[in-house]
Amino acid sequence: MTLSATTDDRPRHAARAPRRRGPRASTGERLRGWASSTWFLLPALLLFFFFVLIPIFVAFYTSFFRWGGFGWPEDFTGLGNYRKLADDPVFRGDLWRGLLIIVFSIAVQLPIALGAAVLLNQRMRGRAVYRAIFFAPYILSEVIAGVLFGIIFLPGSGLADKIVEDLPLLGDLAGRWFADPDTALPTLFAVMTWKYFGFHMMIYLAGLQGIPTEVLEAAAIDGAGPWRRFRSVTLPLLGPTLRISVFLSVIGSLQLFDLVWVTTTGGPTHSTETMAVTMFQFGFKRYQMGYAGAISVVMFLICLVFSLLYQRYALRRDLQGAVTNAGGRR
Amino acid sequence: MRAGMRAGMARSLSRHTLVWVLGSFVVVPLLYAVISGFKTTGDLTADPLGLPHPWKVSNYTGILSSGDFWRQIANSVLIAVATTLITVAVSALAAFAFARYAFRGREFFFTLFAAGLMFPPAVAVLPLFVLLRSFGLLDNPLGIILPQAAFALPITIIILRSFFRTIPAELEEAAIMDGCTRLGFFWRILLPMARPALGTVSVLAIVTSWNNFFLPLLVLADPKWQTIPVGIQQFQGQYSTNYALVIAYIVLAMVPAIAFYAVAERQLIGGLTAGATKG
């Protein structure tokens, strides 16, 4: 997403900007240019400043206080909230579950999406309809999905129980689902897959359409079978798309809230709790706003560090003919 | 030849089977919801797979004749439209400056906005709540509209900027020669030309606003301004064991989203994939 934009546009700018401004532009002209550009930017800057930048600052500030959320924070504790956070088993669990969610998304959900994209990229009857259906869950709100699956997975009387009760392996799941700490997270994974795989499928389809058929035909003439063509041609050429999709998936997993809050509120016994849920619990149920602020800050830092590292090491490759390199290495 | 044909048919058959399996994974829950809305809760829990007997329409008609549902829809529409108008207007101006003018600090400001994409809204919810409370914007639609617009700026500016850059500079020079001001060029020539891109970003902003839950959950405690996702959650809390009625409520809440998807599929998918890939 922007990551690529911010980096890959820079050279173009450098080449363009001086030419545009030109050597002829007088100081007065340039000043006027700056003034009117500022007017164009001003509304966006104000909005961004008040509702994006200030909140980051507020989160940092409050995280250094013990604060119930009312009045001005006064009880300064320094890094106390962070120290407490590091020792909190629930928060440590959040990190672990966050990792599990990320791993699951990359290892299960994205391959399903890729499979669906490859299937629907072929000529077949009803392709547009299938595509529209697979994508449909994504446009429904998390709340709708959450409430619906909460009822589907009702222990004892839900649809899911009815479906699995007579099956050999899955029958064991009946009556558990979201109600059992051991099965709650996998059940959440299932709902996440339902909700999000269509979105990733759409991204992959857009990427697949960018692969020239000539390349695949050439590979076929050279004797590459379907699997070999997929592994050695399609997959490397899809690299940039895959990397973006992984990025979106990770950022989405790190801030997961809606779906969890509506289905389980993080339970049973924290088995589905995420960082955002813990933050909400402390901030708005227990009124420990300073502590919740510290959770916000940690979430922010994790996202930031991940984004920067990912941009540096994974997305950068997309800017220098990585496709051919990756293809050649195999 | 014959063997080839048979193999081709087998492959197409297995392909269709796979698509059907995946399709039923997606469709069965939705179909279940629509049908269950016609049941009584007793009927629903006793036989989740069966058809309703008899078909009961009062779940749906009861909700449709209640003021709450329509008020939530109206609130969601108002907030989505206002968010979109502000987002697109403000972003278009900024994208115009970023795309077409060189000025000191351009790279810095653009990077600043672009970095906003790395900043997930869930992180900002708590400080936003504190901030909105001190601005007196709790239980006020502006308390949702303005933050949503602010968080939509990065992606909107990026998409619009890359579109504006494709419009040749000669066009602007010609317009200026003919006595057009900068703002006049922007308003009368650039924006009409950018209609497809504006459509894409608008659709993106509408859907994001329509589905937003976390911030409205905190900010809109008063039912008067609650949007549909918050309304669903409230309704579920209120009728927690009347499953059939709750399902009817979410089915009705799906209708506007599905209808919008049907109308704006092209822009929606274009916007999401462009936002994800081109950025």
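These questions and answers concern a predicted model of two chains, A and B.

Me: What ipTM does the predictor give the complex?
Reply: The model is predicted, and the complex carries a pTM of 0.84. The ipTM that goes with that pTM is 0.88.

Me: Which helix of chain B has the highest mean pLDDT among the elements of that chain?
Reply: Chain B averages a pLDDT of 86, and 96% of its residues score at least 70. Among its elements, the lowest mean, 81, belongs to helix α2 (residues 41-46) of chain B. The highest mean, 92, belongs to helix α4 (residues 67-100) of chain B.

Me: How many helices does chain A have?
Reply: Chain A is 330 residues long, and 41% of them count as buried. Of its contacts with a separation of 6 or more, 69% join residues 24 or more positions apart. The secondary structure of chain A comprises 2 strands and 15 helices.

Me: Is Leu148(A) buried or exposed?
Reply: Leu148(A) sits in helix α6 (residues 142-152) of chain A. A residue counts as buried when 20 or more other C-beta atoms lie within 10 Å of its own. Leu148(A) has 28 such atoms within 10 Å, so this residue is buried.

Me: How many of the 11 residues of α6(A) are buried?
Reply: The buried residues of α6(A) include Glu142(A), Gly146(A), Phe149(A) and Ile152(A). Leu148(A) is on that list as well. The helix is largely enclosed by the rest of the structure, because the buried count is 11 of the 11.

Me: Which residues of chain B does Leu148(A) touch?
Reply: Neighbours up to four places away in sequence are left out here. Seen from the other chain, Ile250(B) is in contact with Ile144(A), Val147(A) and Leu148(A), and also with Ala33(B) and Ile232(B). Ile250(B) is thus one of the partners of Leu148(A), and the full set is Pro29(B), Ala33(B) and Ile250(B).

Me: Which residues touch the most other members of the largest nonpolar core?
Reply: The largest nonpolar core has 170 residues. Ile144(A), listed among the buried residues of α6(A), is one of those that touch the most other members. The full list is Ile144(A), Ile295(A), Ala94(B), Leu153(B), Leu160(B) and Ile250(B).

Me: Which helix gives the most to the side of chain B that touches chain A?
Reply: The contact takes 75 residues from chain A and 77 residues from chain B. By class, the chain B side has 60 nonpolar, 12 polar and 5 charged residues. With 14 residues, the element that gives the most to this side is helix α13 (residues 243-276) of chain B.

Me: How are α11(A) and α14(A) oriented to each other?
Reply: The axes of helix α11 (residues 239-254) of chain A and helix α14 (residues 289-315) of chain A come within 11 Å and cross at roughly 170°. Angles over 145 degrees count as roughly antiparallel. The two helices α11(A) and α14(A) are therefore roughly antiparallel.

Me: How many charged residues are in the contact of α11(A) with α14(A)?
Reply: Residues making the contact include Arg243(A) and Phe247(A) of α11(A), and Met299(A) and Phe306(A) of α14(A). By class, there are 11 nonpolar residues and no polar ones. Arg counts as charged, and the number of charged residues in this contact is 1.

Me: Which residues does Leu64(B) touch?
Reply: Leu64(B) lies in helix α3 (residues 58-64) of chain B and is exposed, with 12 other C-beta atoms within 10 Å. Its C-alpha atom is 9.0 Å from that of Tyr249(B), 185 residues apart along the chain. Leaving out residues up to four places away in sequence, Leu64(B) touches Phe69(B) and Leu252(B).

Technical notes. Residues numbered from 1 in each chain as written. Chains lettered and ligands numbered in written order. Predicted model: local features only at pLDDT ≥ 70, side-chain atom pairs only at ≥ 80, totals over all residues. Helix = DSSP H or I, 4+ residues; strand = E, 2+ residues; numbered from the N terminus. Contact = placed C-beta atoms within 7 Å. pLDDT = per-residue confidence, 0-100. Axes fitted to C-alpha atoms, helices over the stretch in contact; angles between N-to-C directions. Parallel < 35°, antiparallel > 145°, perpendicular 65-115°, else oblique. Core = buried A, V, L, I, M, F, W, Y, C linked by C-beta atoms within 7 Å.
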